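Okay everyone, thanks for coming. I'll walk you through one protein today, so have a look at the screen and stop me if anything is unclear.

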Amino acid sequence: MSVTNTSGRRKTAVARIYLTEGNGQITVNGKDYTEYFPTLPLQYIVNQAFIVAEVTGQYDVKVNVAGGGIKGQAEAVRLAIAKAIVELDGIRKPALRAKGLMTRDRRMVERKKPGRAKARKRFQFSKR
């Protein structure tokens, strides 16, 4: 089997993955994914596409991820893995779509406006 290359994004995080047949080894930026994503919820997010598609332990994944925070990076990896699974086996797409794993979450941080403390917060007003 050849290498399947896809990408996923969430907020400002971008993940590029290379999926090959294997025994379920996931490497993120040169480290094991359990070391890169230390908490169990983040590890579950990374594995969620495999669990829903019922292909756990069948593929090796090499991930390059950059930008954003750690949760955004985990969700970007999840989207990229889901896209790669569908590219290999289109029959699994309805199950992944039903769980919302095929849709890119387009929500981004709102920009700071001039004359404001943050995006919406105003400076304190005092009439003396």
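Let's start with one pair: Ile 17 has Val 63, in S5, as its bridge partner. Just keep in mind that what you see is a predicted model. Right beside that pair, so to speak, we have another one: Tyr 18 stands opposite Lys 62 in S5. How many bridges join S2 to S5? There are 8, linking strand S2, residues 13-21, with strand S5, residues 59-66, and the two strands run antiparallel.

Now, S5 has another partner. S3 and S5 pair through 3 bridges, in the parallel sense this time. As an example, take Ile 26, which stands opposite Val 61 in S5.

Put that together and you get the sheet. It's an open one with 5 strands, ordered S1-S2-S5-S3-S4, and the pairing is mixed. Which strands sit at the edges? Those are strand S1, residues 4-10, and strand S4, residues 31-32, and each of them pairs on one side only. A handy bit of background here: in a regular strand, side chains alternate between the two faces of the sheet.

Next, what packs on this sheet? Helix H2, residues 40-53, does, and it touches S2, S5 and strand S3, which covers 26-28. The direction of H2 makes about 145° with that of S3. Helix H3, residues 70-88, packs on the sheet as well, touching S1, S2 and S5. For H3 the angle is taken with S1, and it comes to about 145°.

Let's stay with H3 for a moment. H3 has 19 residues and spans 27 Å from its first C-alpha to its last, close to the 27 Å expected at 1.5 Å a residue. Is H3 largely enclosed or largely open? Well, 14 of its 19 residues are buried, so H3 is largely enclosed by the rest of the structure. And a general reminder about helices: an α-helix has 3.6 residues a turn, so residues three or four places apart point the same way.

Just before H3 there's a spot I like. Gly 67 lies in the loop between S5 and H3. Gly 67 is partly exposed, with a relative accessible area of 35%. If we leave aside neighbours within four places in sequence, Gly 67 is in contact with Thr 12, Ala 13 and Gln 73. Gly 67 and Ala 15 are 52 residues apart in sequence, and in space their C-alpha atoms are 8.9 Å apart.

Now try Ala 98, in helix H4, residues 93-98. Buried or exposed? Ala 98 is exposed: its relative accessible area is 68%, and the cut-off for exposed is over 50%. Ala 98 and Val 46 are also 52 residues apart in sequence, but 17 Å apart in space, C-alpha to C-alpha.

Okay, zooming out. The protein has 4 helices and 5 strands, and along the sequence they follow the pattern β-β-β-β-α-α-β-α-α. Why call it more spread out than a compact globule? Because its radius of gyration is 18 Å, well over the 14 Å that the globule rule gives for 128 residues. The C-alpha atoms fill a box of roughly 75 × 30 × 25 Å along the principal axes. Of the 128 residues, 38% count as buried. And among contacts between residues at least 6 apart in sequence, 67% join residues at least 24 apart.

Definitions and conventions. Residues are numbered from 1 along each chain as its sequence is written. This is a predicted model: local features need pLDDT of at least 70, side-chain atom pairs count only at pLDDT 80 or more; totals for chains, interfaces and linings use all residues. Side-chain values use heavy atoms; hydrogens and water are left out. Two strands pair if DSSP finds at least two bridges between them. Contact means heavy atoms within 4.5 Å. Axes are lines fitted to C-alpha atoms, for helices over the stretch in contact, and angles run from 0 to 180 degrees between N-to-C directions. The radius of gyration is taken over C-alpha atoms; the globule rule is 2.2 Å times the number of residues to the power 0.38. Buried means under 20% relative accessible area, exposed over 50%, partly exposed in between (1.4 Å probe, protein chains only). The expected span of a helix is 1.5 Å times one less than its number of residues.
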